[in-house]
Number of protein chains: 2
Amino acid sequence: MGSAGVPTQGKSLYHTIRMPKGDTVFDGTADTPDDKWIKRRPEMVRLTGKHPFNSEPPLTLIKESFYTPQELLYVRTHGDTPQLDEKTHSVKVDGLVSKPLTLSVEQIKQFSKTDISMVMVCAGNRRKEQNMIKQTVGFNWGPTGCGNVIWTGCLLRDVLLHCGVDTEEARHVCFVGADKLAHDHYGTSIPMSKVMDPEGGVLLAWECNGEPLLPDHGYPIRVVMPGYIGGRAVKWLTNISVSKEQSTNYYHYRDNKVYPSHVDQQNVGPEGWWEDNTWCINDLNVNGAITNILHQQTHDISKPLKLSGYAYSGGGHRIIRPEVSIDGGKTWKMATITVEPKTQYGRTYEWSFWETEVQLTPSTEQICFRAWDDAMNVMPDRPNWTLMGMLNNSWYRIQVTKKAANTVELGLPHWAHKDAPNHPLNVLKAPHITDTLGGPTSTTTTTTTPAASASKGGAAPAVAPSVALMGGMAVTCSLAAGLLGFALAQRKTV
Amino acid sequence: MGSAGVPTQGKSLYHTIRMPKGDTVFDGTADTPDDKWIKRRPEMVRLTGKHPFNSEPPLTLIKESFYTPQELLYVRTHGDTPQLDEKTHSVKVDGLVSKPLTLSVEQIKQFSKTDISMVMVCAGNRRKEQNMIKQTVGFNWGPTGCGNVIWTGCLLRDVLLHCGVDTEEARHVCFVGADKLAHDHYGTSIPMSKVMDPEGGVLLAWECNGEPLLPDHGYPIRVVMPGYIGGRAVKWLTNISVSKEQSTNYYHYRDNKVYPSHVDQQNVGPEGWWEDNTWCINDLNVNGAITNILHQQTHDISKPLKLSGYAYSGGGHRIIRPEVSIDGGKTWKMATITVEPKTQYGRTYEWSFWETEVQLTPSTEQICFRAWDDAMNVMPDRPNWTLMGMLNNSWYRIQVTKKAANTVELGLPHWAHKDAPNHPLNVLKAPHITDTLGGPTSTTTTTTTPAASASKGGAAPAVAPSVALMGGMAVTCSLAAGLLGFALAQRKTV
């Protein structure tokens, strides 16, 4: 048990829950000269072309083990992966501290060691379902932009106390990574309260699942914190600055926000939304997916259909109620939680695995999944489109299309093309697919909150409810990656 | 601004947001000899008969001011209101502290003073809607089991540090009040992490809205904490004990839990659910209501209909999107937030006020309200029945019944009798009203999680989905109180 007081796992558990190892291979090709030195699992599904390596594991592998192998954990990166050496790397601590320090990795490892087991989640997990409604500013994520891992490191709290942090004045802790991007190094901040909470679990981590961090996951040092979106867990950490204010980093302002739905690519800039940090998100929400069903898989409805998947929530909340429906949400069957997360002091930061069985009928049109957490938050039935497509947690839906007497084909929202006749999101279309877009066929009249400045106060432009798949290279890559992942997924199908 | 670092309000704000004062009168009657000494507002709606004074304000008064007058704040009490004197009252601090102390009220007031502005919410707020589906173990609350107030006191954190709290071993802080009940004094506990978080805002409070606590709200000292359910905010505080374990108090085990829906009055005891503290709840969830519409109010649909209400969430989350729908949730209109909560470090613990206008049509059957918070948690469309009927936050629905050419009658879920033809919950009836009950007409096959012991592992009993109003005295009193409240509400109708 870690001293962080958050759910942690001793090394013994590494052996009780299987963590399959797969072959990793050097990633270099003519297209990716920058990544030639990195070993990766070839199964990883690339979402933004060959480089940078934004990727998620195929659906078939996400639930192979309760703890996700590091090389199968989703990767969100913005550019070249920094080639660092723990012998020479250091992290500078400054800002509202009485003793600013530059710490070597070895010095960081002298602090009391602790583990945190937690689900790491990209805020964009399941974004593809949002992009099918209307393109967001983000690329497509399927439902595997997440994984449950064990981080080992020291409490950032201990480091800051060692540096004489000013707990009266300080309200935010800012992080910067070694990855130099177009506008800046990647950086962001989190509230001081999260860092200083002895149970908050904010770590400077140097191990994942008992092994050194991989280059893709921030080697040699990254910051991690349970219950928060992955975007705050800065990799290749170089700077920690304690501040009265949130990070002023370009990427802190331009990423990880949830605006009202009338804010889109046209008005976000002119109306000054980027500059308004009121819309920053930190906490994860309740989410989950069915992971054992593949796109265009057929099923004999005279037999029971097994369903299984994962579910998680934010804020330390535990999943108490995974449910499936085969009648559009009129009735629900409570699934069994098969692998229970470890809870401590009533909280957990891990995912849950669940399974159940349903008997489809000739009239079954859709299979839906939703989960409730212990604060009675629940996944909503319909997606709520927002500009960055973050925290999408609407019911995970599988479309059921009759093919022959007893045979149906199952369609998944994150694999199908929007025009496919059996695309699950088609069921959500007009009128309510337009509900968040303020379009002419919708009754929505978007207004703004007083938090928004006067410049944002106008009515939303009458955007036609376009249901467009994303254009350009990213699409091609994504679809190609999708096909690769799909092929791999098919190969593994029982 | 308070040193707690949570959203706070200076005294100046007391004057900028009107807090109407009403007449209070001594409450004594032949039926309530124990309360004769207490002054109360006669408008308060009694929910469990004359005594104890479980009460909420009429719907018409809940939004009269952004800060709820103390005498209009809901009251949840289990027995006689202790008659205490701040000159002689004391609070004992013991358990995992090196310097156990008994502190007088005067000594407590020597600690650094701070304010917290927060919505105080009974976990049973809106329980009546759950009781209309199937009786819970709790009495009926309408949607006014909540209020936004400013507490003044000192940080419990400071008191515990003064007492030499053992932050390594301690994981829970237990509270006991002066109210002696059938089984024990009322008591409960909250996680140590919440108490020790400098931003956690856990106070020993002696003032509400700048005035001494009223007897109904814990005079002379109570504990309060933002973002948590009211049931943890122990009134008439006498004991604080720092512990490795949760409170062993009878009421900690028997209250404020959310069990799976197949746990009911029959199996909760025999299957050992009471003893299992896995199901304790602390955090509030996202919730809200329409407060300007009265039951059986008529409306001319040729004119626009103004709607307004409140919304709040837990975990420091801010409401970003209040919405109304007049087509059963197919499309939504975003409402305007009219009174903005104060946020600090990205968090708020206050409610938001909102308003909008809709144009009903002859085909409008229902008006629905839901809210989203900044973690993209949203109120679900349907209620999820659980034994204690807590944290009900399903869409707030108003039924629209045609009466004449242009005239409709509006029906509210918390006023109507279940058999009233226009009861909003009737729209939710079979099949899915039974979804949580495991009844024979439902497809639900309730299973259990591994967290539950083997004794709980059986299939749920086939309970017929009975939609029964609560029986016995409480009903009579509740209805009587309802009529009183309704009469008052009617009188205030514009």
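A hairpin of 4 residues links strand S9 to strand S10 in chain B, and this is a good place to begin looking around this predicted model. S9(B) covers residues 172-180, while S10(B) covers residues 185-191. On either side of the hairpin, the two strands pair in the antiparallel sense, with 6 bridges between them. You can find one such pairing at His172(B), which stands opposite Pro191(B) in S10(B). Another is at Val176(B), whose bridge partner in S10(B) is Gly187(B).

Now turn to another neighbour of S9(B). Strand S14 of chain B, residues 237-243, runs antiparallel to S9(B) and is joined to it by 6 bridges. Val176(B) is a handy landmark here too, as its bridge partner in S14(B) is Asn239(B). As a rule, strands of a sheet pair through backbone hydrogen bonds, in either a parallel or an antiparallel way.

Step back, and these strands fall into place in a wider sheet. The sheet is open and has 5 strands of chain B, in the order S6-S5-S14-S9-S10, with mixed pairing. At its edges lie S6(B), residues 101-104, and S10(B), each of which pairs on one side only. On average, neighbouring strands of this sheet are turned by 20 degrees against each other, direction ignored.

Finally, come back to S9(B), which sits between S14(B) and S10(B) in the strand order. Is this strand largely enclosed or open to the outside? Of its 9 residues, 7 are buried, so S9(B) is largely enclosed by the rest of the structure. Buried here means under 20% relative accessible area.

Key. Residues are numbered from 1 along each chain as its sequence is written. Chains are lettered from A and ligands numbered from 1 in the order in which they are written. This is a predicted model: local features need pLDDT of at least 70, side-chain atom pairs count only at pLDDT 80 or more; totals for chains, interfaces and linings use all residues. Side-chain values use heavy atoms; hydrogens and water are left out. Buried means under 20% relative accessible area, exposed over 50%, partly exposed in between (1.4 Å probe, protein chains only). Two strands pair if DSSP finds at least two bridges between them. Axes are lines fitted to C-alpha atoms, for helices over the stretch in contact, and angles run from 0 to 180 degrees between N-to-C directions.
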